[in-house]
Amino acid sequence: MSDPIIRFDNVTFGYSGTEVHALESISLEIQPGEYVAILGLNGAGKTTLGLCVNGVIPIMLGGNLEGTVTVDGLNVGDYPVREMAKIVGMVFDNPEFQMSQMSAGEEVALGLENAGIPYEEMKRIIPETLALVGLAGFEERSPLGLSGGQQQRLAIAAVLAMNPKILIMDEPTSNLDPIGKQEVFDMAAKLNRENGMTVLVIEHEVEVMAKYADRVIVMDGGRIVMNGTPQEIFGQVDALAELKLRVPESAEVASILKSRGMWNGPIPITTEPAIAAVNELLGAKS
Ligand SMILES: Nc1ncnc2c1ncn2[C@@H]1O[C@H](COP(=O)(O)OP(=O)(O)OP(=O)(O)O)[C@@H](O)[C@H]1O
Ligand SMILES: [Mg+2]
C-alpha cells in the first residue's frame, strides 16, 4: 500500500473559547485515490475534520490542537492556507456564497491570480478546468445566472484550477435540486475514477454514498465511531439507528425482513441487489 495522503495522528481539537472538544483522539489514514464519505449528526465534528485537512485549522481558526495532521507528507499548520490550497480544495454547501466575480472565467481565475500563476498559463487552465466540470465554454457567463448544480460545479472548478490532489466537499448538494445533486456527484465520481483524485465528502444522502464511496466514516461527539466499506457500515442498521443515522432504504427493508426470519442473505445497500434479493425471495416462495 502507498503512503496515506491524509493522516491524523491522535488529533484532539477544541475551538478557542469553548470547553468541549470538537475532535477527540482522531486517528485516521486515507489513501491516495480513495473516495471517503463522512457521516454524522449535527455537531459531530465533520466540518472541523475537513478544516484540519485544508489547514484553516489551526492557521485561520485557532484553538487547542493536539496530535498531528499530515497531508501529502506535509505537517498541516506549518504551511499557509494558500499553500495548502495547491493540495487540498474544499467546497461548502452554499455555492452562491462562494461566488464573488462577474463571470465564471473570473471565478476560476481568482485563486490562480492569488497563487501568482502567469496570465498565459491561466488562459490555458481556465477553459480546461471549466471543461473538467462540464462547463466548457462558460467563461463569460454570469455565475448568478447558472443553476444551483452549475454554480456548485463552478465552485468546484475554482478549487480544481489549483490542481489539488484532494477534493473535500462539505454537504455540497444540500441546497441543490435532485438534478443538481446528481450532476455534482457524477462529476466527483468522474474526477475520482478518471483523474485519481482523492475525494472526501461530508454527506447526509446515504443512498448516494452507498453507491459512490469506497469507505464510510461515521463520527459522533468528535470521535470516529465506525470506519469501513459502505457494505460493512450500512449493513449495521441497528448500530446506525442507535446513532440516529439513516441507512439506505433498501438496507432498512432488508433488515426488517431479516428480523422476521424472511431474509438470510447479506443486507443490500443499493437498489439493484435489493431488487435481486426480492426476486430471489419471490422465486423461492412460488
Ligand atoms: N467556529 C467555531 N467556534 C466554536 N465552536 C465551533 C465552531 N465551529 C464548530 N464548533 C463546535 O465544534 C463542534 C463540531 O462542529 P462541526 O461544525 O465540526 O460539526 P459538523 O459535524 O460539521 O456539524 P453539521 O452537520 O451541523 O455541519 C460542535 O460542538 C460545534 O458547536
Ligand atoms: Mg458541518
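What follows is a short conversation between a student and a tutor about a predicted model.

Tutor: Before we start, residues are numbered from 1 along each chain as its sequence is written, and chains are lettered from A and ligands numbered from 1 in the order in which they are written. In this predicted model local features need pLDDT of at least 70, side-chain atom pairs count only at pLDDT 80 or more, totals for chains, interfaces and linings use all residues, and side-chain values use heavy atoms, with hydrogens and water left out.

Student: How many helices and strands are in the chain?
Tutor: Helices (H or I, at least four residues) and strands (E, at least two) are DSSP runs, numbered from the N terminus. Counted that way, the chain has 12 helices and 10 strands.

Student: What radius of gyration does the chain have, next to that of a compact globule?
Tutor: Happy to help! The radius is taken over C-alpha atoms, and the globule rule is 2.2 Å times the number of residues to the power 0.38. For 286 residues a compact globule would come out near 19 Å, so the chain agrees with its 20 Å.

Student: What is the order of the strands in the open sheet of six strands?
Tutor: Two strands pair if DSSP finds at least two bridges between them. The edge strands, each pairing on one side only, are β6 (88-91) and β10 (223-228). The pairing is mixed, and the order is β6-β7-β8-β3-β9-β10.

Student: Which residue in β8 stands opposite Ala37?
Tutor: Strand β3 (residues 35-40) pairs with β8 (residues 198-202) in the parallel sense, over four bridges. Opposite Ala37 in β8 stands Val201.

Student: At what angle does helix α7 run to β3?
Tutor: Axes are lines fitted to C-alpha atoms, for helices over the stretch in contact, and angles run from 0 to 180 degrees between N-to-C directions. Helix α7 (residues 178-195) lies across β3, β7 and β8. Its angle to β3 is about 135°.

Student: Which residue of β10 is the bridge partner of Val218?
Tutor: Strand β9 (residues 215-220) and β10 run antiparallel, joined by five bridges. They form a hairpin with two residues between them, and Gly221 in the turn has a positive phi of about 55°. Within β10, Val218 has as its bridge partner Met226.

Student: Which residues have the most contacts inside the largest nonpolar core?
Tutor: Such a core is a set of buried Ala, Val, Leu, Ile, Met, Phe, Trp, Tyr and Cys residues joined through side-chain atoms within 4.5 Å. Buried means under 20% relative accessible area, exposed over 50%, and partly exposed in between (1.4 Å probe, protein chains only). The largest core has 60 residues, and those with the most contacts inside it are Tyr35, Ile156, Val218 and Phe234.

Student: How far apart do the C-alpha centres of domain 1 and domain 2 lie?
Tutor: The bounds, from an automatic or database domain assignment, give domain 1 (6-98 + 161-246) and domain 2 (248-286). Contact means heavy atoms within 4.5 Å, and 10 residues of domain 1 are in contact with seven residues of domain 2. The C-alpha centres of the two domains are separated by 31 Å.

Student: Is Glu207 buried, partly exposed or exposed, and what is its relative accessibility?
Tutor: Glu207 is found in helix α8 (residues 206-212). Leaving aside neighbours within four places in sequence, Glu207 is in contact with Arg246, Val247, Pro248 and Glu249. Glu207 counts as partly exposed, because its relative accessibility is 32%.
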